[in-house]
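Here is a friendly walk through one protein model, written to be read with the structure open beside you. Let's start with a single residue and work outwards.

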Amino acid sequence: MGRWSARLAPLFAGFARVGGDGRVLDVGCGTGALVKFLADASDRSIIVGIDPSQPFIDYARSRFTCPRFSFDVGDAMELPYPSHSFDQSLSLLVFMHIPQPEMAASEMRRVTRPDGTVATCTWAHPGLEMAAIFWEEAVRIDPHAKTRKPESRPCTRPGQLTEIWLAAGFEAVEETTLDLPTIFGSFDDYWIPFTSGAGPAGVYVETLSPDHRQALREGLRKRLRGHREDGPISLKATALAVRGTVPS
Ligand SMILES: C[S@@+](CC[C@H](N)C(=O)[O-])C[C@H]1O[C@@H](n2cnc3c(N)ncnc32)[C@H](O)[C@@H]1O
């Protein structure tokens with residue numbers, strides 16, 4: 001999924017009204033997809049990224065060496081920063097992984113100055129056509145695949161992020177959907193990531209016999225390309241984003 005974060009980052013930053021300068025916190029920064037966009041958008045902003053994964057933070061530190069950027073290992077539910085120390089706090093594709101998203105929202109509010117913006121974004125469920133098609137085909141060939149299909153995660157249905165933002169006490173709360181075309185250069189560009197063993201679909205593919213795996217591959221190929229020659233496949237991904245301001 002990492003390949004789509006970088007494409008979603010500009011849409012999310014636009015909705016979050018990221019300013020030209022100031023101190024920005026990226027919660028759950030991972031390897032820095034949002035940081036990269038923010039870095040390219042302004043050469044004045046100071047950006048702090050935080051993530052519980054030490055390898056991601058090590059990678060982000062090696063990727064962004066300018067002193068304007070810094071990275072910490074830590075949890076969204078217990079941010080290690082003083083109150084009101086950022087102008088904006090953002091979080092891209094993280095809230096569905098956080099055990100208590102309400103705590104993370106309240107921590108993001110605490111560390112952001114009055115009138116500052118706090119915004120987050122998650123993939124909608126079902127919002128990823130690439131995954132929906134994979135599971136429809138997997139279940140058509142093997143009804144037991146239904147039990148391997150991931151349930152919807154928290155914060156992935158319309159209104160859920162708004163509820164959390166209102167409960168955290170933000171003002172001017174607004175939620176929107178962000179649509180992203182997900183374009184694959186060929187059928188293999190779509191299929192190969194499912195064979196990496198990553199995520200629920202990758203884990204499912206690893207359990208299949210070679211024949212079953214081939215049947216799934218062929219079923220998906222037919223569905224996506226039909227009788228046409230191999231070529232680009234254009235699907236859609238939908239994200240939900242919410243923003244609010246810290247009361248003055
Ligand atoms: C799908 S990745 C998104 C990474 C990055 N924001 C991006 O868009 O490329 C989810 C990230 O959330 C982080 N994460 C998971 N639980 C977290 C928590 N409790 N607090 C902060 N980050 C968390 C993971 O380590 C991972 O980097």
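## A threonine in strand S5

This is a predicted model, and our starting point is Thr-117, which lies in strand S5 (residues 112-128). Thr-117 counts as buried because its relative accessibility is 13%, and the cut-off for buried is under 20%. Leaving out residues up to four places away in sequence, Thr-117 touches Ala-16, Asp-87, Gln-88, Ser-89, Thr-112, Arg-243, Gly-244 and Thr-245.

Strand S5 has another residue to look at, Pro-126. The peptide bond leading from His-125 to Pro-126 is cis, and its omega is near -5°.

## Strand S6 and a long-range partner

Next comes strand S6 (residues 171-184), where you will find Leu-180. With a relative accessibility of 5%, Leu-180 counts as buried. Which residues does Leu-180 touch, not counting those up to four places away in sequence? They are Trp-4, Arg-7, Leu-8, Leu-11, Trp-123, Leu-235, Lys-236 and Ala-237. Trp-4 sits 176 residues from Leu-180 along the chain, yet the C-alpha atoms of the two are separated by 8.6 Å.

Strand S6 also holds Ala-172. Phi of Ala-172 is near 50°, a positive value in a residue other than glycine. Ala-172 is exposed, as its relative accessible area is 56%.

## Another positive phi

Cys-155 also has a positive phi in a residue other than glycine, near 70°. Look for Cys-155 in the loop between H5 and helix H6 (160-167). Is Cys-155 buried or exposed? At 2% relative accessibility, Cys-155 counts as buried.

## Helices H1 and H2

Helix H1 (residues 2-16) and helix H2 (residues 33-41) have axes that come within 8 Å and cross at roughly 55°. The two helices are therefore oblique to each other, and their crossing is right-handed. On the H1 side, Ser-5, Ala-6, Ala-9, Pro-10, Phe-12 and Ala-13 take part, meeting Ala-33, Leu-34 and Phe-37 of H2. Sorted by class, the residues of this contact are eight nonpolar, one polar and no charged.

Within H2, the residues Ala-33, Leu-34, Val-35, Leu-38 and Ala-39 are buried. What do the buried residues of H2 pack against? Their partners are H1, strand S1 (23-27), strand S2 (46-51), helix H3 (54-63), strand S3 (69-73) and strand S4 (86-92).

## The nonpolar cores

In soluble globular proteins, nonpolar side chains tend to be buried together. In this model, the largest nonpolar core has 51 residues, of which Leu-8, Phe-12, Trp-123, Phe-134, Tyr-190, Trp-191 and Leu-216 touch the most other members. H1 supplies the largest share of this core, six residues. A second, separate core has 27 residues, including Val-27, Ile-98, Ala-105 and Met-108.

Some of these names may be familiar by now. Phe-12 also takes part in the contact of H1 with H2, while Leu-8 and Trp-123 are among the residues touched by Leu-180.

## Helix H9 and its two neighbours

Leu-216 leads us on to helix H9 (residues 210-225). Setting aside neighbours within four places in sequence, Leu-216 is in contact with Phe-134, Glu-137, Ala-138, Ile-141, Trp-191, Tyr-204, Val-205 and Leu-208. The axis of H9 comes within 10 Å of the axis of helix H5 (residues 129-141), and the two cross at roughly 125°. H5 and H9 are therefore oblique to each other, and H5 passes H9 in a right-handed crossing. From H5, Ile-133, Phe-134, Glu-136, Glu-137, Ala-138 and Ile-141 meet His-212, Ala-215, Leu-216, Gly-219, Leu-220, Arg-223 and Leu-224 of H9. By class, this contact has eight nonpolar, two polar and three charged residues.

Helix H8 (residues 199-207) packs with H9 too, at an angle of about 135° and with the axes 8 Å apart. That makes H8 oblique to H9. Here Tyr-204, Val-205 and Glu-206 in H8 meet His-212, Arg-213 and Leu-216 in H9. Three of the residues in this contact are nonpolar, one is polar and two are charged. Leu-216 thus appears in the contact of H9 with H5 and in the contact of H9 with H8.

Notes. Residues are numbered from 1 along each chain as its sequence is written. This is a predicted model: local features need pLDDT of at least 70, side-chain atom pairs count only at pLDDT 80 or more; totals for chains, interfaces and linings use all residues. Side-chain values use heavy atoms; hydrogens and water are left out. Axes are lines fitted to C-alpha atoms, for helices over the stretch in contact, and angles run from 0 to 180 degrees between N-to-C directions. Helices (H or I, at least four residues) and strands (E, at least two) are DSSP runs, numbered from the N terminus. Angles under 35 degrees count as roughly parallel, over 145 as roughly antiparallel, 65 to 115 as roughly perpendicular and the rest as oblique. A crossing is left-handed if the near helix is turned anticlockwise from the far one by less than a right angle, and right-handed if clockwise. Contact means heavy atoms within 4.5 Å. Ala, Val, Leu, Ile, Met, Phe, Trp, Tyr, Cys and Pro count as nonpolar, Asp, Glu, Lys and Arg as charged, and the others, Gly among them, as polar. A nonpolar core is a set of buried Ala, Val, Leu, Ile, Met, Phe, Trp, Tyr and Cys residues joined through side-chain atoms within 4.5 Å. Buried means under 20% relative accessible area, exposed over 50%, partly exposed in between (1.4 Å probe, protein chains only).
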